Amino acid sequence: MFFLVPVLFALMGQAVPPSAVPPSPDSLSLEKAIEIALERNAQVAASRWDLEAAEGTRRAAAATRYPNLRLSGFTSRYTSGQRLLPPSAPGQSLVYTEQAGGADLALDVPVFLGGRLTQQLRAAEMGQTVYAQRLERAGAELEYQVASTFFAILRQDRVVESVRFSVGALEAHEHTVTEMMEAGKAARVDVLRTQVRLADLRQRLLVEENALQVQRNVLAYLMGEDGPEALPPLRGTLELAPFLEDAAAALDQALSRRPDLEAARAARSAQEHRLGAARGARWPAVFVRGSFAERWAINPLSRPEGADASPSLGSIGLVLSLPLFDGGLISAQIAEERALLAATRERVRDTEALVRLQVEEAVLGVRSGRGRVEATETSIQQAQETLRIEQEKYRLGKGSITDVLDAQSELLSAETAYYGALAEYNTAVARYRLVTGEKASWKPQP
């Protein structure tokens, strides 16, 4: 059995081999995960409804510019006889009744309102733009959240696979060292130390598997799924894909494309129009107003010969309304809208400063992530070589089991750091696309 020792040690020193099983056609790519999330995520769906509500507000504002035609009817019973209609000429015969019915057709046409209707419509249009940009931003943020969670799951999958591989290799090593001890070739303490390290690895495996389950729960939530059991296996690889970041161009692109910045600017424009509408309340309001009324006497008390029991009456004219005194109401409303405009301007300024900060952080994040990948990739090679040397020393009786176990642990740590660096880099690239307003074009992994 002693000839198996170098073989098992060699297995312990190998990096986790890639799976030879081809991906399932039912596996989930990043592109498909984002597509499902954009369709089912509740927050994005709520943003779509907000946009639809904003469209209704715009249509309502546009409708106020058109004539308003209303039809109403009534029936009344009086405590004493009443004239059906006032007289329209001297000596006119009138109909008296205790019960009457009627119908009224009224028309109002706005002629001049100090620009209020136009300003309100422009404000509603800008409000619709705000919600459209917020919807786009919500979709972009969801893409980033799905991508970062997807990369985290790929990383955690590899970590779990590495720990499982180490557990299996160490179990085989425990068996081998036990046989060596029984043959008098190894001390009992070597077996005990191996068992302690194996217990630690098994505990770590449970922790890593739980972390993987939590991340799958997060992805299921983002995709609008009922639970992680509905998620098929993920299809994708963590790799150091080439990506060129340009800080100056990124900032210009972000300042011109970011949906949240465009939403803040649209909100500022909408508030400018609301302030204009409030100021328009100081101007006279002019309407063309017309009406047509029909009346019916129900069981009239008296009906002189020639009197009409169902007369009609119509009118048309101009109506002028001029605010003379309102207790300061208009002034207060103007002051309110002016303060709100100042607030929206500050929000635009704050968003622009935030965009600059986020772009700088995103550029540094991509560079840092790439550097970590390159550094940890080198550390894996060094850890593999260290483990190989310690294995050979132990085989020749010149090293201790502690050195071998420590070298194996360092290799596992290096692999974990490498997968973490790859996930961090890919997440940093996704973050760069988010903060610059670039529309991410995810491609399905082979």
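Which side chain does a polar contact of 3.2 Å join to that of Asp 108? In this predicted model, the partner of Asp 108 in that polar contact is the side chain of Arg 70. Asp 108 lies in strand E3, which spans residues 96–112. Its relative accessibility is 12%, so Asp 108 counts as buried, the limit being under 20%. Apart from neighbours within four places in sequence, the residues in contact with Asp 108 are Pro 67, Asn 68, Arg 70, Val 288 and Arg 289. Arg 70 thus appears both in this set of contacts and in the polar contact.

A second charged residue, Arg 295, belongs to strand E5 (residues 285–297). Arg 295 has a relative accessible area of 15% and is therefore buried as well. The side chain of Arg 295 is joined to that of Asp 104 by a polar contact of 3.3 Å. Once neighbours within four places in sequence are set aside, Arg 295 is in contact with Phe 74, Leu 84, Leu 85, Gly 101, Gly 102, Ala 103, Asp 104, Ala 309, Ser 310 and Pro 311.

Turning to the helices, the axes of H3 (residues 42–63) and H4 approach within 8 Å and cross at roughly 170 degrees. Because angles over 145 degrees count as roughly antiparallel, H3 is described as roughly antiparallel to H4. On the H3 side, the residues that meet H4 include Val 44, Leu 51, Ala 54, Arg 58 and Ala 62. Among their counterparts in H4 are Leu 121, Glu 125, Gln 128, Tyr 131, Leu 135 and Leu 142. By residue class, the contact of H3 with H4 comprises 12 nonpolar, six polar and five charged residues.

The largest nonpolar core contains 69 residues, of which Val 146 and Met 223 touch the most other members. At least two residues of this core are supplied by each of helices H2 (30–40), H4 (116–182), H5 (188–222), H6 (247–257), H8 (329–395) and H9 (401–436). H9 provides the largest share, 18 residues. With neighbours within four places in sequence left aside, Val 146 is in contact with Leu 30, Ala 33, Ile 34, Ala 37, Leu 219 and Leu 222. A second core, separate from the largest one, has six residues, among them Ala 278, Ile 330, Ile 334 and Leu 341.

Terms used
Residues numbered from 1 in each chain as written. Predicted model: local features only at pLDDT ≥ 70, side-chain atom pairs only at ≥ 80, totals over all residues. Heavy atoms only, no water. Core = buried A, V, L, I, M, F, W, Y, C linked by side-chain atoms within 4.5 Å. Buried < 20%, exposed > 50% of the residue type's maximum accessible area, 1.4 Å probe, protein only. Helix = DSSP H or I, 4+ residues; strand = E, 2+ residues; numbered from the N terminus. Contact = heavy atoms within 4.5 Å. Polar contact = N/O pair within 3.5 Å; in protein donor to acceptor, adjacent residues only side chain to side chain. Axes fitted to C-alpha atoms, helices over the stretch in contact; angles between N-to-C directions. Parallel < 35°, antiparallel > 145°, perpendicular 65-115°, else oblique. Nonpolar A, V, L, I, M, F, W, Y, C, P; charged D, E, K, R; others polar.
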